[in-house]
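This report describes the fold, one helix, the principal pocket and selected residues of a single chain. The sequence and the structure are shown first.

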Amino acid sequence: NWGHVERMSIVLALLLPIALLLQYGLNRLALGDDLAAGLGLTINRLRILASLIGVLLVALAVSVAGPIAFVAFVAGPIARRIAATSSAALVTSALVGAVVLTAADIMGRIALPETDLPAGVFTASLGAPYLLWLLTTQFRRGIL
């Protein structure tokens with residue numbers, strides 16, 4: 001309802017600017033720990049702050065929408081492929097996550113209209129095979 005939207009908007013107004021500011025450091029951290037430290041980043045503080053902001057954003061989403069499995073696992077890799085970059089694509093990831101979740105919700109409403117399946121069923125059924133494929137291809141390339 002609109003009460004959820006109001007509370008979520010307030011928290012997002014606080015967390016999203018911090019997440020966007022962290023993108024600079026996360027892009028440098030993707031180059032490796034030694035190079036990131038050489039560029040002046042405090043690696044442990046950046047990792048802790050990025051983890052904290054990520055956990056808070058996920059907690060916000062779960063508190064409003066319920067547990068939605070695999071959206072975070074799927075959105076990041078798809079967003080990197082769309083943006084054609086190896087760095088963190090936070091805005092693109094958020095948009096991809098929104099599209100995946102909206103599609104899952106629509107599929108849940110269309111599949112069995114009388115029962116109204118939760119979106120988590122479809123995100124898990126689509127996300128799990130994609131995650132397994134992604135892990136398999138990265139393992140074959142020697143990235144993992």
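## Ala-50 in helix α3

Ala-50 belongs to helix α3. Leaving aside residues up to four places away in sequence, Ala-50 touches Leu-22 and Leu-26. The C-alpha atoms of Ala-50 and Pro-77 are separated by 18 Å, with these positions 27 residues apart along the chain as the separation in sequence. The model in which these features are found is a predicted one.

## Overall architecture

The chain contains six helices and zero strands. Read from the N terminus, the order of elements is α-α-α-α-α-α. Along the principal axes, the C-alpha atoms fill a box of roughly 60 × 40 × 20 Å.

Of the 144 residues in the chain, 23% count as buried. Among contacts with a separation of 6 or more, residues 24 or more positions apart account for 50%.

## Helix α5

Helix α5 covers residues 90-111, a run of 22 residues. At 1.5 Å a residue, this helix should span 32 Å, and the 31 Å between its end C-alpha atoms agrees with that value.

Which residues of α5 are buried? They are Ser-93, Val-96, Gly-97, Ala-104 and Gly-108. Because these residues cover an arc of only 105° around the axis, they lie on the same side of α5. The general geometry is that an α-helix has 3.6 residues a turn, so residues three or four places apart point the same way. The buried residues of α5 pack against α4 (71-83) and α6 (119-141). On the other side of α5, the residues Val-91, Ala-94, Leu-95, Val-99 and Ile-110 are exposed.

## The largest pocket

What is the volume of the largest pocket? The value is about 1,600 Å³. The lining of the largest pocket comprises 42 residues, and the closest to its centre are Leu-57, Val-58, Ala-72, Ser-93 and Ala-94. Two of these names recur from the description of α5: Ser-93 is buried, whereas Ala-94 is exposed.

The elements that give two or more residues to the lining of the largest pocket are α1 (2-29), α3, α4 and α5. The most is given by α3, with 11 residues.

## Asn-27 in helix α1

Asn-27 is placed in helix α1. The C-alpha atoms of Asn-27 and Ser-87 are 5.2 Å apart, although the two residues are 60 residues apart along the chain. Which residues does Asn-27 touch, not counting those up to four places away in sequence? They are Ser-87 and Ala-88.

## Thr-42 in the loop between α2 and α3

Thr-42 lies in the loop that runs between α2 (33-38) and α3 (43-65). Its relative accessible area is 41%; since this value falls between the cut-offs of 20% and 50%, Thr-42 is classed as partly exposed.

The side chain of Thr-42 is joined to that of Arg-45 by a polar contact of 3.3 Å. By contrast with that contact, the C-alpha atoms of Thr-42 and Arg-109 are separated by 47 Å, and these two residues are 67 residues apart along the chain.

Definitions and conventions: Residues are numbered from 1 along each chain as its sequence is written. This is a predicted model: local features need pLDDT of at least 70, side-chain atom pairs count only at pLDDT 80 or more; totals for chains, interfaces and linings use all residues. Side-chain values use heavy atoms; hydrogens and water are left out. Helices (H or I, at least four residues) and strands (E, at least two) are DSSP runs, numbered from the N terminus. The expected span of a helix is 1.5 Å times one less than its number of residues. Buried means under 20% relative accessible area, exposed over 50%, partly exposed in between (1.4 Å probe, protein chains only). The arc is that of the directions from the helix axis to the C-beta atoms. Contact means heavy atoms within 4.5 Å. A polar contact is a pair of N or O atoms within 3.5 Å; within protein, one must be able to donate a hydrogen and the other to accept it, and residues adjacent in sequence count only if both atoms are side-chain atoms. On a 1 Å grid over the protein atoms alone, a cavity is a set of points where a 1.4 Å probe fits but cannot get out, and a pocket is an open set with protein on both sides within 12 Å along at least five of seven lines; lining residues have an atom within 4 Å of a point. Grid points are joined across faces, edges and corners, and a volume is the space filled by probe spheres set on the points.
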